Every structure is written in structure tokens, then in C-alpha cells.
Amino acid sequence: MDSASGRSDNSIKEAIPATASALLSAASQQGGGGGSESFPSPAPPSRYESQKRRDWNTFLQYLTNHKPPLTLARCSGAHVIEFLKYLDQFGKTKVHITDCPYFGHVNPPAPCACPLKQAWGSLDALIGRLRAAYEENGGRPESNPFGARAVRIYLREVREGQAKARGIPYEKKKRKRPTVTTTAVGVNVSRTSTQPVDGGGGRGGIGGGDDSVGAKTGANVGSATAVAAATTNSV
């Protein structure tokens, strides 16, 4: 009797750890699944953000390799223009010189020895990204070298020069203003005069419709009769 109860107690003690470990395993699996759902992976950066980061790192590397080396705090609009001219060696746009026979031709019939440069559109977009990156990295807007007046003038000269050399005018896109359509509604008001045919009603004109007019007419007739009678008596 005692041996049987001892065996049952041992089996219960052995079953308790097994059950507890199974519960802990199930809880850990549920906790792991919930944790993965509550912390989703961050979305990858957009193409614009990736390009902006690469351009910013390229410019910082240019400042480091500059002779003498430059710091970002000492960078000015003149240094930005030097950086843009430095990038021309990696350009792929043919820009004809003035003495080239294909100067101003959109589609030259044969190759020429004119240099390859960065297209104006690429430089303009690059300056826009670097200008935003400068302020995102702690730079003040009023001291942003990429927004300097000298840089804007340089980009305008590049645009005009490439337009003449390549025969491709760069037209500034005009913003379309919202059109407001107004509808004029004309109301014609015409005065219609009605003349009654007979004077049987209350608003007749001839047969006594207007009492004041009839009274005035009767008074005038009576006055004329009285004047005629007085004249006859006097004669």
C-alpha cells in the first residue's frame, strides 16, 4: 500500500516538470511571435534619399581631398562652383565649342572632339539635393553655400551656354494657374403696359376704373358749363 502510493507520488513529481516546461515553451513561442510583430523592420530609404546621401558623402570626400583641405564651415559658394567644374570630367553630355562646325546642331551628323561635361539638368538637381543635405546635417539656411547667389549665376550661365552649343533651348516650366470660370446670368426685365378694353372692372382706365381721373374729368366739364351759362346771362 505504501509502495503503491510512493510510486504514484513519484510519477506526479515527474509529470509536473514536464508540464511546466511545455507551458514555458509555448509561452516563449507566443512571446517571440508577438515581439516580431510589434517591431517591424524599417522601410528602406527612397531613391532620392539614397542619392542625396551618396552626393553628400562625395562632397565631403572632395573637401577632404582638397588642397589645402577644407572644412564644411569654411566652404563658400566659390568652392561649390569648383566642385561642379570638377565633376565635368565625369560628364557624358557633348557640349560643342564655338569653333566646332556642329555648334548649335541638335543632331550632329558626325562625331567631333568637343569635350564631355555634366548636363545642366544634372547639376541643377545635384545642387538641390546638396542644399537639402546641408541643412539636414546641422547647417544654417542663411549660411548654406549651395544656395549662394554665385552658384545660381553659374548654373544660369551653364544652362544658357549648353542651350546655344547643343541647340536645345531650356524653357522654364510655367506653373499653370487654376482657371476660375464665372457664368454671367443676365436678367432682362421688360415693362409691359396693358390697356383695358372696357371699364367694367375695378382697374379700368376709360369706363371709370380710376375714380380720381373720372372725378377730375367731371369737374372740368362742370366748370366749362358754368362759364358758358354765365356768359349767356350776361349777354
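1. Let me start with the aromatic residues. In this predicted model, one aromatic cluster takes in Trp 56, Phe 59, Tyr 62, Phe 83, Tyr 86, Phe 90, Tyr 134 and Phe 146. Across the whole structure, the search returns 9 aromatic pairs. One to look at is Tyr 62 with Tyr 86, a tilted pair with 5.3 Å from centre to centre and 40° between the planes. Tyr 62 belongs to helix H2 (residues 47–65) and Tyr 86 to helix H3, so this pair ties together parts that are 24 residues apart in sequence.

2. The two rings of that pair are worth checking for exposure. Tyr 62 has a relative accessible area of 13%, and because the cut-off for buried is under 20%, Tyr 62 counts as buried. Tyr 86 comes out at 37% relative accessibility and is therefore partly exposed.

3. Next, please look at Phe 146, a member of the aromatic cluster. Setting aside neighbours within four places in sequence, Phe 146 is in contact with Trp 56, Phe 59, Val 80, Ile 127, Leu 130, Arg 131, Tyr 134 and Val 151. Among these partners, Trp 56, Phe 59 and Tyr 134 also appear in the aromatic cluster.

4. On to the nonpolar core. The largest one holds 23 residues, and the members that touch the most others are Phe 59, Phe 83, Leu 84, Ile 127, Leu 130, Phe 146 and Leu 155. At least two residues of this core come from each of H2, H3, H4 and H5. H4 supplies the largest share, with 7 residues.

5. Helix H5 makes a nice geometry check. H5 covers residues 149–166, and at 1.5 Å a residue its 18 residues should span 26 Å; the end C-alpha atoms are 26 Å apart, so expectation and model agree. The buried residues of H5 are Val 151, Tyr 154, Leu 155, Val 158, Gln 162, Ala 163 and Ala 165. Their packing partners are helix H3 (77–87) and helix H4 (120–136). Just after H5, Gly 167 adopts a positive phi of about 70°. For context, most residues other than glycine have a negative phi.

6. Now for the charged side chains, where the search of the whole structure finds 4 salt bridges. You may like the one between Asp 55 and Arg 129, which meet at 2.6 Å, N to O. This pair links distant parts of the chain, with Asp 55 in helix H2 and Arg 129 in helix H4, 74 residues apart. Both Asp 55 and Arg 129 are buried.

7. Within helix H2, the side chains of Lys 52 and Glu 49 meet in another salt bridge, at 3.2 Å, N to O. These two residues are 3 apart in the helix, so about one helical turn separates them. How exposed or buried are the two ends? Lys 52 is buried, with a relative accessible area of 4%, whereas Glu 49 is partly exposed at 32%. Glu 136 joins in as well: Glu 49, Lys 52 and Glu 136 form a network of salt bridges.

8. The salt bridge between Arg 140 and Glu 142 has its closest N and O atoms 3.9 Å apart. Since the cut-off for a salt bridge is within 4 Å, the pair still counts as one. Arg 140 is exposed at 52% relative accessibility, and Glu 142 is exposed at 63%. Those values contrast with Asp 55 and Arg 129, which are buried.

9. Please also check the backbone at Pro 68. The peptide bond joining Lys 67 and Pro 68 is cis, with omega at about -5°. Pro 68 sits in the loop between H2 and H3. As background, most peptide bonds are trans.

10. Finally, a word on His 79. Where is His 79 found? The residue lies in helix H3. With a relative accessible area of 18%, His 79 is buried; the cut-off is under 20%, so the label rests on that limit. The side chains of His 79 and Ser 76 are joined by a polar contact of 3.1 Å. Not counting residues up to four places away in sequence, His 79 touches Tyr 62, Leu 70 and Arg 74. Of these, Tyr 62 brings us back to the tilted aromatic pair with Tyr 86.

Definitions and conventions
Residues are numbered from 1 along each chain as its sequence is written. This is a predicted model: local features need pLDDT of at least 70, side-chain atom pairs count only at pLDDT 80 or more; totals for chains, interfaces and linings use all residues. Side-chain values use heavy atoms; hydrogens and water are left out. Helices (H or I, at least four residues) and strands (E, at least two) are DSSP runs, numbered from the N terminus. The expected span of a helix is 1.5 Å times one less than its number of residues. Buried means under 20% relative accessible area, exposed over 50%, partly exposed in between (1.4 Å probe, protein chains only). Contact means heavy atoms within 4.5 Å. Rings of Phe, Tyr and Trp (its six-membered ring) pair if their centres lie within 6.5 Å; planes under 30 degrees apart count as stacked, over 60 as edge-to-face and the rest as tilted. A nonpolar core is a set of buried Ala, Val, Leu, Ile, Met, Phe, Trp, Tyr and Cys residues joined through side-chain atoms within 4.5 Å. A polar contact is a pair of N or O atoms within 3.5 Å; within protein, one must be able to donate a hydrogen and the other to accept it, and residues adjacent in sequence count only if both atoms are side-chain atoms.
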